[in-house]
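I opened the model today and went through it piece by piece. These are my notes, in the order I looked things up.

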Amino acid sequence: MVAQTKQKLFVCFVGIFVCYFYYGILQEKITKGTYVDGEKKDKFTFTLALVFVQCIVNALFSKLILTYRSSPADKTPTSLYTLCSLSYLGAMLASNHSLQHVSYPTQVLGKSVKPIPVMILGVLLARKRYPVAKYFCVLMIVMGVALFMYKDKKDAKAAEHVVGIGEFLLLLSLTLDGVTGATQDRMRGDHQTGANHMMFNVNLWSLLWLAIGLVVTGEGMAFLLFAQKYPFVLFNMISFSLASALGQTFIFYTVTTFGPLTCSIITTTRKFFTILGSVIIFQHPMSSRQWLGTVLVFSGLSLDSVYGKEKKNK
């Protein structure tokens, strides 16, 4: 029995690690890769199209699971799915678009500080109480991000505008992640919404907003011309989306089998090695100060997973 449990845990760890490592490499390759047509170099600027393909795969993946696995009838109001899809979609668009202004390690590190806005919103809106350990962990995370983002005077002026946009997009993505989490908590608490029903309907509504955006902005036609010129980008986008959908399945299985603590530790470890892999493969320059900041952030996240559990209100 113990051996079987260890095997399941190993499969979960490898599944999450491989899927999201591949996901990260493809995301950087798509958004920051080199597209050369003769002497002309093009940039990938089709964030709406990228998220559109991802939502299609997520919706099909969850529908496939719903078709072959019995689940209770879904009674969640459409209004909740609409609200959740807007925040979910906004967070993904902001996160992906930020890669046009910041490096991939910066984006991963920025998205890793999700506990901070979640904690702030919890205190302000839900009046939640947190243990002292959690405040210490958040302080470590803030210090680590500050060290990583700090620019020397000679670099600050040149990078001020670009880095400012990237940081704003990451902050927007984190805030919308907090809204999405609060909406999903309400779905689960008030309507017992299943994970697959939630995944299917939220992505379905997101596809509607994205389709409108692709038509109104003209990005849909521009992307088709880009994909015709560089057909390999479509294969990368589908592979990227499949890795994301499969990774979510491993995360859900890990949470339901071993609990959120184990899942949190695995995903935190995975993010650190994703940054390491990105630095090695794409040769991002990292100073010793940035490495120290990265270690502080992930140390804070790991300690928070173990000691920063929320106290329940009476």
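Before anything else, I pinned down "buried": a residue counts as buried at under 20% relative accessible area, as exposed at over 50%, and as partly exposed in between (1.4 Å probe, protein chains only). I also noted that helices (H or I, at least four residues) and strands (E, at least two) are DSSP runs, numbered from the N terminus.

**Ground rules.** I am working with a predicted model, where local features need pLDDT of at least 70, side-chain atom pairs count only at pLDDT 80 or more, and totals for chains, interfaces and linings use all residues. Residues are numbered from 1 along each chain as its sequence is written, and side-chain values use heavy atoms, with hydrogens and water left out.

**Helix 4.** I started with helix 4 (residues 104-111), which is mostly covered, with eight of its eight residues buried. I wrote down the buried ones: Tyr104, Pro105, Thr106, Gln107, Val108, Leu109, Gly110 and Lys111.

**Whole chain.** I found 12 helices and two strands in the chain. Read from the N terminus, the order is α-β-β-α-α-α-α-α-α-α-α-α-α-α. Of the 314 residues, 44% are buried. The chain exposes about 17100 Å², and carbon and sulfur atoms supply 67% of that; the areas come from the Shrake-Rupley method with a 1.4 Å probe, and for residues only the protein chains shown count as cover. I then checked contacts, meaning heavy atoms within 4.5 Å. Among contacts with a separation of 6 or more, 86% are between residues 24 or more positions apart.

**Helix 2 against helix 8.** For helix pairs I used axes, which are lines fitted to C-alpha atoms, for helices over the stretch in contact, with angles from 0 to 180 degrees between N-to-C directions. The axes of helix 2 and helix 8 come within 8 Å and cross at roughly 150°. That makes the two helices roughly antiparallel; the cut-offs are under 35 degrees for roughly parallel, over 145 for roughly antiparallel, 65 to 115 for roughly perpendicular, and oblique for the rest. The crossing is left-handed, a term for a near helix turned anticlockwise from the far one by less than a right angle, while clockwise is right-handed. I listed part of the contact: helix 2 brings in residues including Leu48, Ala49, Phe52 and Leu66, and helix 8 residues including His197, Phe200, Leu210 and Gly213.

**Helix 3 against both.** Helix 3 (residues 78-98) and helix 2 (residues 47-68) have axes that come within 10 Å and cross at roughly 130°. I therefore filed helix 2 and helix 3 as oblique, with a right-handed crossing. Helix 3 and helix 8 come within 8 Å, axis to axis, at roughly 70°, so they are roughly perpendicular. Their crossing is right-handed. Tyr81, Tyr88 and Leu89 are among the helix 3 residues there, and Trp205 and Trp209 are among those from helix 8.

**Two residues in helix 8.** Is His197 buried or exposed? His197 is buried, with a relative accessible area of 17%, and it lies in helix 8 (residues 195-217). Not counting residues up to four places away in sequence, His197 touches Leu66, Ser71, Pro72, Asp74 and Tyr81. Gly213 is also in helix 8 and is buried at 15%. Leaving aside neighbours within four places, Gly213 contacts Leu48 and Gly218. The C-alpha atoms of Gly213 and Ala49 are separated by 9.5 Å, although the two are 164 residues apart along the chain.

**Salt bridges.** How many salt bridges does the structure hold? I got two, taking a salt bridge as a side-chain nitrogen of Lys or Arg within 4 Å of a carboxyl oxygen of Asp or Glu. One joins Asp42 and Lys40 (4.0 Å, N to O). The other joins Lys229 and Asp42 (3.5 Å, N to O). That second pair links distant parts of the chain, with Lys229 in helix 9 (residues 219-229) and Asp42 in strand 2 (residues 40-42), 187 residues apart. Shared partners put Lys40, Asp42 and Lys229 into one network. I checked cover too: Asp42 is buried at 15%, Lys40 is partly exposed at 49%, and Lys229 is partly exposed at 36%.
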